[in-house]
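The exercises below are meant to be worked with the coordinates open beside the text. Each one sets a task and then goes through a solution step by step.

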Amino acid sequence: MSDHVYKKIELVGSSPSSIEEAVANALARAEKTIRNMRWFEVTETRGHIENGKIDHWQVTLQVGFTLDK
């Protein structure tokens with residue numbers, strides 16, 4: 001095993017379609033500015049209700065990435 005050092009950040013993603021798409025949206029946006037992302041953990045899942053139906057999903061993620069040497 002290597003001697004990587006990791007940092008964790010928290011992201012919140014949303015989607016009108018699904019939890020999976022909310023996760024993908026958060027990671028896709030983070031990838032534009034964060035290098036070396038290695039793993040994620042969904043820590044919260046929420047939904048917004050409009051007129052008695054699910055309007056959109058929201059997920060909170062912990063994302064781990066390796067720090068540059």
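**Exercise 1. Decide whether Ser 15 is buried or exposed, and describe its surroundings.**

Solution. The model is a predicted one, and every value used here is computed from it.

Step 1. The relative accessibility of Ser 15 is 1%, and since buried means under 20%, this residue counts as buried.

Step 2. Ser 15 belongs to strand E1, and its side chain reaches the backbone nitrogen of Ser 18 at a distance of 3.4 Å.

Step 3. When neighbours within four places in sequence are left aside, Ser 15 is in contact with Glu 21, Ala 22, Asn 25, His 56 and Trp 57.

**Exercise 2. Work out the order in which the strands are arranged in the sheet, and which of them stand at the edges.**

Solution.

Step 1. The three strands form an open sheet in the order E1-E3-E2, and the pairing is antiparallel.

Step 2. E1 and E2 each have a single partner strand, so they stand at the edges and one side of each is left without a neighbour in the sheet.

Step 3. From one strand to the next, the twist averages 15°.

Step 4. The antiparallel pairing of E1 with E3 extends over ten bridges, and Gly 13 is found opposite Val 59 in E3.

Step 5. Helix H1 lies across E1, E2 and E3, and runs at about 125° to E1.

**Exercise 3. Identify the residues of the largest nonpolar core and the elements that give two or more residues to this core.**

Solution.

Step 1. The largest nonpolar core has eleven residues, namely Ile 9, Leu 11, Ala 22, Val 23, Ala 26, Ala 30, Ile 34, Val 59, Leu 61, Val 63 and Phe 65.

Step 2. Two or more of these residues come from each of strand E1 (6-15), helix H1 (19-30) and strand E3 (53-66).

Step 3. In soluble globular proteins, nonpolar side chains tend to be buried together.

Step 4. For the core residue Phe 65, the contacts beyond four places in sequence include Val 5, Tyr 6, Ile 9, Ile 34 and Met 37.

**Exercise 4. Place Glu 41 in its strand and classify its accessibility.**

Solution.

Step 1. Glu 41 lies in strand E2, which covers residues 37-50.

Step 2. Its relative accessibility is 44%, and therefore Glu 41 counts as partly exposed.

Step 3. Not counting residues up to four places away in sequence, Glu 41 touches Thr 60, Leu 61 and Gln 62.

Step 4. Between Glu 41 and Glu 10, which are 31 residues apart in sequence, the C-alpha to C-alpha distance is 9.6 Å.

Methods:
Residues are numbered from 1 along each chain as its sequence is written. This is a predicted model: local features need pLDDT of at least 70, side-chain atom pairs count only at pLDDT 80 or more; totals for chains, interfaces and linings use all residues. Side-chain values use heavy atoms; hydrogens and water are left out. A nonpolar core is a set of buried Ala, Val, Leu, Ile, Met, Phe, Trp, Tyr and Cys residues joined through side-chain atoms within 4.5 Å. Buried means under 20% relative accessible area, exposed over 50%, partly exposed in between (1.4 Å probe, protein chains only). Helices (H or I, at least four residues) and strands (E, at least two) are DSSP runs, numbered from the N terminus. Contact means heavy atoms within 4.5 Å. Two strands pair if DSSP finds at least two bridges between them. Axes are lines fitted to C-alpha atoms, for helices over the stretch in contact, and angles run from 0 to 180 degrees between N-to-C directions. A polar contact is a pair of N or O atoms within 3.5 Å; within protein, one must be able to donate a hydrogen and the other to accept it, and residues adjacent in sequence count only if both atoms are side-chain atoms.
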